[in-house]
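Colleague: I should like to go through this model with you, beginning with the sheet. Could you take me through it step by step?

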Amino acid sequence: MASRFTPLARNAARRFAGARPGLLYPSPTVAAATRTLHDGPSRRNKPGSHSQTDSDIEIPFPPEEELPSDPVRRAGGQYVKPTLQTFSLDKNVGLVTGGARGLGLVIAQGMVYSGADVALVDMNKEEAEKQTKCLVESFMRENPNAERVPKVTAHFSDVSDPVSVDACIAEVIEQHGKIDHLVTSAGFTENYEAVNYPIDRLRKLWAVNVDGTYLFATSVARHLMERKAPGSMVLIGSMSGSIVNVPQPQTPYNVSKAGVRHLAASLAVEWADVNIRVNCLSPGYMMTALPISNKVSNASTGKILDENPELKKKWVSLIPMGKMGDPSDLMGPVIFLLSENSKYVNGIDLKVDGGYTLT
């Protein structure tokens, strides 16, 4: 698929790799091999090309200092008309990894608006601390007559490090007294052909997306078992764990999210007898920030896709609902899976993708 996005992504990746050669290409030999592969004939505009990945699309994950800092968006106040009380998370404590930005932050906001005390866990504790204040201020602004204001705290953790994870869990319990719910939103993706993806990047991606999910899930489960308390977890997967995205190549990411999906199912069976439910939530294409060139724009995905109409046309054409999702579309499904309303729902993969995986 030819578009303005194609050379932009390819050139961005090459500039990024040139600036930080040790990150993406560990040796001159690998770099040379990569250039040779990309100098070969394109697979675009050949039979079946619309259902294949495009080797020209390369998108590295940006460094921490270049990630956007999105403000908490307005999500509406408490619903005071008659509704199911079992949707409430009032006085429960939830922990969200990757909670300082993006989907994790929006999910955390939904939990706060549902009455939960929330621990935001992120590598960037400074950003998490800023967002805790935003979450509380947003709640108070939307609910001026609330009898209780949820407690929101910020915590550091390297999700791939067992020692860091255990220390984080201990800190959260010290400040909140307990943990009832877990949402594992920490993760990242990069778009490269499998033959060009360095093994060190593959290991890092797996360590964050899969190991980090496993470590937090098992650590929280041990805490719940010690308390002999019920609990619920939502592991954030992706529709990419069930299908192969096109046109962007992302085999390592797809495999990692397939692992998260089956991890949720396996843990659900293993912990069912102690009343710890584990489900997977798999988002489709969401309107979140994307890297542009070797920097990141604070603009929405919508603006980026508006500037690359062919890419937008390709993505949207594959979604039966004909549009991409908004991160707030995940609030309700996550609250459902955490709450008492799903007390007999265990081990499922709930896809929020506009029907993408049905076709």
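**The sheet and its surroundings**

Modeller: This is a predicted model. A good place to begin is β2, where both faces are covered: D117, A119 and V121 are buried on one side, and V118, L120 and D122 are buried on the other.

Colleague: Why is β2 largely enclosed by the rest of the structure?

Modeller: Six of the six residues of β2, residues 117-122, are buried, so the strand is largely enclosed by the rest of the structure.

Colleague: And why two sets of residues, one for each side?

Modeller: In a regular strand the side chains alternate between the two faces of the sheet.

Colleague: In which sense do β1 and β2 pair, and over how many bridges?

Modeller: β1, residues 93-97, and β2 pair in the parallel sense over five bridges. Within that pairing, L95 has A119 of β2 as its bridge partner. Together with helix α4, residues 102-113, the two strands make a right-handed β-α-β unit.

Colleague: What about β2 and β3, how do they run?

Modeller: β2 and β3, residues 152-156, run parallel and are joined by five bridges. V121 stands opposite H155 of β3. Between β2 and β3 the chain passes through helix α5, residues 125-142, in a right-handed β-α-β crossover.

Colleague: What is the strand order in the whole sheet?

Modeller: The sheet is open and has seven strands in the order β3-β2-β1-β4-β5-β6-β9, with parallel pairing. β3 and β9, the latter at 349-352, stand at the edges with a single partner strand each, so one side of each is left without a neighbour in the sheet. On average, neighbouring strands of this sheet are turned by 20 degrees against each other, direction ignored.

Colleague: Moving along, how many bridges join β5 to β6?

Modeller: Six bridges join β5, residues 231-236, to β6, residues 276-283, and these strands run parallel. M233 has V278 of β6 as its bridge partner.

Colleague: Which strands does helix α7 touch?

Modeller: α7, residues 199-227, packs on the sheet and touches β1, β2, β4, β5 and β6. Its direction makes about 180 degrees with that of β5. Helix α8, residues 251-271, lies across β5, β6 and β9, and runs at about 160 degrees to β6.

Colleague: Let us turn to the interior. Which residues have the most contacts inside the largest nonpolar core?

Modeller: They are L95, F216, M233, W271 and V278, in a core of 35 residues. At least two residues of this core come from each of β2, α6, α7, β5, α8 and β6. α7 gives the largest share, eight residues.

Colleague: M233 again. What is M233 in contact with?

Modeller: Leaving aside neighbours within four places in sequence, the contacts of M233 include L182, A217, V220, A221, L224 and W271. I276, R277, V278 and N279 are also among them. Apart from the largest core lies another one of 28 residues, which includes A128, V234, I236 and V345.

Colleague: One last residue: is S256 buried or exposed?

Modeller: S256, which is found in helix α8, is buried, with a relative accessible area of 0%.

Colleague: What does the side chain of S256 reach?

Modeller: The side chain of S256 reaches the backbone oxygen of Y253 at 2.7 Å. Beyond neighbours within four places in sequence, S256 is in contact with L205, W206, N209 and V210.

Methods. Residues are numbered from 1 along each chain as its sequence is written. This is a predicted model: local features need pLDDT of at least 70, side-chain atom pairs count only at pLDDT 80 or more; totals for chains, interfaces and linings use all residues. Side-chain values use heavy atoms; hydrogens and water are left out. Buried means under 20% relative accessible area, exposed over 50%, partly exposed in between (1.4 Å probe, protein chains only). Helices (H or I, at least four residues) and strands (E, at least two) are DSSP runs, numbered from the N terminus. Two strands pair if DSSP finds at least two bridges between them. A crossover is right-handed if, with the strands pointing away from the viewer, the path from the first strand over the helix to the second runs clockwise. Axes are lines fitted to C-alpha atoms, for helices over the stretch in contact, and angles run from 0 to 180 degrees between N-to-C directions. Contact means heavy atoms within 4.5 Å. A nonpolar core is a set of buried Ala, Val, Leu, Ile, Met, Phe, Trp, Tyr and Cys residues joined through side-chain atoms within 4.5 Å. A polar contact is a pair of N or O atoms within 3.5 Å; within protein, one must be able to donate a hydrogen and the other to accept it, and residues adjacent in sequence count only if both atoms are side-chain atoms.
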